[in-house]
Every structure is written in C-alpha cells, then in structure tokens.
Amino acid sequence: MKVLGLETSCDETGLAIFDSEQMGSDNQGLVGQVLYSQIELHALYGGVVPELASRDHIRKLVPLLNELLEQCDVKKSEIDAIAYTKGPGLIGALMTGALFGRSLAYGLGIPAIGVHHMEGHLLAPLMGAKPPAFPFVSLLVSGGHTQLIAAHGIGQYEILGESIDDAAGECFDKAAKMLGLPYPGGPNIAKLAENSDQNTYDLPRPMLHRGLDFSFSGMKTAVHNLIKDTDGSDSDPQVRADIAASFQHAMVDTLVKKCVKALKQVSMSRLVIAGGVSANTHLRETLEAELAKINATVHYAPPALCTDNGAMIAYAGFERLQAGQADDLAVSCIPRWPM
Ligand code: KG4
Ligand code: ZN
C-alpha cells in the first residue's frame, strides 16, 4: 500500500510517500519525501505568523507534490491512500493540508485519513533502522508538547506525565531568543553550547522530584535573570555560550531523570524519544548513558524524521488504515487535540 502523507500543522510543508511493501528494506518503506520550511518567512517576526503560514502552505502544496512524484517515480494513480495532519496545530495551516488531501483523495477515488500530529511523532522511530517493539515509553518533546506516554500498541496510549505549562521546545526557543539567537532556538542553542562549560551556571530542574509532570515556565525567568546578572546577552561570547550550555544541561537532566523514573514506574525497558527536541545530541547521548545503567534501550527516528515531516504522517496513516479506519468526506481539523 502506497500512502501519501501531508504535514501542514505549523511552519513546514512536508510531503512523503510510504510504501508498506518496502518495509524492512533499507529505506524502511519511505519511498521519498520533500520538505519546505517557512523558517525564513517567519524569522522577521520572531515566531510563526499563522496567516502567513497558511498562505505559504497553499502556494507550496502543488509544486511539492509534483516534485515528490517525480523524485519517487510514482504516478498519482498509483497512490492507494492519503493521510494528512488533522491536529493539533494552527487551524488555518491544518485546513490547507486537510482540504488538499481530502479533495485529492476524492478525485482519485481512494481513502483519506486525518492523523494526530503527535501520533505521527510517536510512531516515527518505528521507521528507523532499529524499530522498537511495543510496549515502550515514549518521550514526546516538541515545540508544543512535552509528554511521557506508555505506548502499549497502535492507538493504545496512556499519558504518564506532561508539562503543566510550557513545552520543552518552546522553552529552548524562548531561551534562544533571550540570547539573541534566531528561531528555531533548539538547534541554535545546541550549536552555541558546543565547546562550552555546561557546569558554569546552576539552573533549576523544576518538579524533579514530583511525579512525572514537567514545568518549564520558571526556566524562562531563570535564564532571563542569569543573562541580566552576567550581562550575557550582548557582552562576552563565552558567557553566552556557557549560559546556553548550562541551560541545555538543565533541560536534558530534567528530561532524562523523568524518563528513567517513567520506565521504572511502568516496568518497561524501551524508551522512544520523538519530536523536534529529540534531535538534540546531548539529550541522546545522556539518555544512552543513563539507560544503559538500568538495562534499558533508547530508540529514535532518523534526524530528518524528528522534526515535522510528511513521512511520519504517511506512516501513522498507514497504521490507522490497517486498523480499518478512514475518514468520511467531511473535512474537520482539531487545533487542540489531546493524545
Ligand atoms: O516537532 P517539531 O519540529 O515541531 C512541533 O511540532 O512543535 O519541534 C520543533 C521544536 C522547536 O521548539 C525547536 O527549537 C526544537 O523542536 N528543536 C530542538 C532541536 N531541534 C529542534 N531542540 C533542542 N535541540 C535540537 N537539536
Ligand atoms: Zn511536531
């Protein structure tokens, strides 16, 4: 089954073709993908402008689809189903992909399915070289979500803990902004943190010893105060780099300790990390080291499938279609949609 996946929930237009017959081969079923990032469009405003995002998705969907079909050497008539992101996300942006996908499926006489963006992230590591078996604990860390989930099977998700305020990615983005780094903040903080001392400043690890929930809103104030105290936003580049490294270390330390706690609580030995922040090298290395100590393993998607993309939507759609689900002709998106 060849599934076309469409991701338009925020500021990336991602399209991909997943072919279940190619699962287990080198490409793990991913025939090809194209991704257009609107980062430059929004950079001027310091964050994503919803109306501009919708307009840009509309402009890009058709040319990207043509590029993808050519790259994959697949004809439209060979596509068996279409999966699109139904939520959560920006309503206007979601509607562009949903209307495009639903209409194209109608025109081709094939099923369409709306997919939960976070389920896409959660299942993306199953497209990796070392796909984990169920059950596993998943740490979903993106710009909008921070959740620990016990995944017992497709669609069987139990939320173990989540952020009571800001998401981890959002916190990276805000700290980056305070340090004068462009959006998205995560990769820029990681880069600035290279070759700096992560133990220079002691930043808080909020709610570390309270259950499996997270709280990151206090980190913003802590970073703000630290920058003020050290004059670090515009003076010594080494001070800024040390702040970035200390911040990244505090975030990673908090995430890792909660993951270890979650695995112990549900007696599982596999951890999957997904979402944009899971691309963070320091997070990956620390998890590998800490989980080895408790005989647990960590699995993640290839870097290109950690941040938003069409491949994870195609794959999640395939799994849902396999389970007998498909949407009717009505197009509805869910901007706020719990897992
Ligand atoms: O999953 P994603 O692409 O989009 C959402 O669904 O939100 O995640 C984007 C988030 C941003 O906050 C970005 O700063 C963060 O992921 N991110 C990172 C890294 N790469 C992306 N955070 C830390 N380290 C990274 N290397
Ligand atoms: Zn995402």
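Student: Is S142 buried or exposed?
Tutor: S142 counts as buried, because its relative accessible area is 8% and the cut-off for buried is under 20%. Keep in mind that this is a predicted model.

Student: Where along the chain is S142?
Tutor: S142 sits in the loop that runs between β6 (136–141) and β7 (146–153).

Student: And which residues does S142 touch?
Tutor: Leaving out residues up to four places away in sequence, S142 touches M118, A167, A168, G169, E170, G275, G276 and V277.

Student: What does the side chain of S142 reach?
Tutor: The side chain of S142 reaches the backbone nitrogen of G144, at 3.2 Å.

Student: OK, what does UniProt list S142 for?
Tutor: An unreviewed UniProt entry lists S142 under "binding site", along with L140, V141, G143, G144, D173, G186 and N280.

Student: D173 is in that list too. Where is D173?
Tutor: D173 is in helix α5, which covers residues 168–178. Not counting residues up to four places away in sequence, D173 touches Y183, P184, G185 and G186. UniProt's "binding site" list also includes G186.

Student: Changing topic: which protein atoms are the donors of the zinc ion?
Tutor: For the zinc ion (ligand 2), the protein donors are NE2 of H117, NE2 of H121 and OD of D308. They lie 2.0 to 2.1 Å from the zinc ion.

Student: What spacing do those donors follow along the chain?
Tutor: The spacing is H-x3-H-x186-D. H117 is in helix α4 and D308 is in the loop between β10 and α10, so this pair ties together parts that are 191 residues apart in sequence.

Student: Does UniProt's record have anything on these? What does it list?
Tutor: The unreviewed UniProt entry lists H117, H121 and D308 for "binding site". They are spread over 192 residues of sequence, yet they cluster in space, with a largest C-alpha distance of 8.7 Å.

Student: Let's zoom in on H117. Where is H117, and is H117 buried? Or rather, buried or exposed?
Tutor: H117 lies in helix α4, residues 117–123. H117 counts as buried, because its relative accessibility is 6%.

Student: What is H117 in contact with?
Tutor: Setting aside neighbours within four places in sequence, H117 is in contact with E7, S9, T85, G87, P88, D308, M312 and I313.

Student: D308 shows up there. What kind of contact do the side chains of D308 and H117 make?
Tutor: The side chain of D308 makes a polar contact with the side chain of H117, at 3.0 Å.

Student: And what about D308, buried or exposed?
Tutor: D308 counts as buried, because its relative accessibility is 15%. The loop that holds D308 runs between β10 (297–300) and α10 (310–322).

Student: Which residues is D308 in contact with?
Tutor: Leaving aside neighbours within four places in sequence, D308 is in contact with E7, S9, C10, E12, L35, H117 and H121. E7 and S9 are also among the contacts of H117.

Student: New topic! How many residues does helix α8 have?
Tutor: Helix α8 (residues 237–265) has 29 residues. From first C-alpha to last, α8 reaches 42 Å, close to the 42 Å expected at 1.5 Å a residue.

Student: How many residues of α8 are buried?
Tutor: In α8, 23 of the 29 residues are buried, which leaves the helix mostly covered.

Student: What happens at the start of α8, and just after α8?
Tutor: At the start, a side-chain oxygen of D236 reaches to within 2.9 Å of the backbone nitrogen of Q238. Just after α8, S267 takes a positive phi of about 50 degrees.

Methods. Residues are numbered from 1 along each chain as its sequence is written. Chains are lettered from A and ligands numbered from 1 in the order in which they are written. This is a predicted model: local features need pLDDT of at least 70, side-chain atom pairs count only at pLDDT 80 or more; totals for chains, interfaces and linings use all residues. Side-chain values use heavy atoms; hydrogens and water are left out. UniProt positions are given in the numbering used here, feature names are shortened, and annotations may be inferred rather than shown by experiment. Helices (H or I, at least four residues) and strands (E, at least two) are DSSP runs, numbered from the N terminus. Buried means under 20% relative accessible area, exposed over 50%, partly exposed in between (1.4 Å probe, protein chains only). Contact means heavy atoms within 4.5 Å. A polar contact is a pair of N or O atoms within 3.5 Å; within protein, one must be able to donate a hydrogen and the other to accept it, and residues adjacent in sequence count only if both atoms are side-chain atoms. The expected span of a helix is 1.5 Å times one less than its number of residues. Donors are N, O and S atoms within 2.8 Å of the metal (3.2 Å for Na, K and Ca); water is not among the atoms, so sites may look incomplete.
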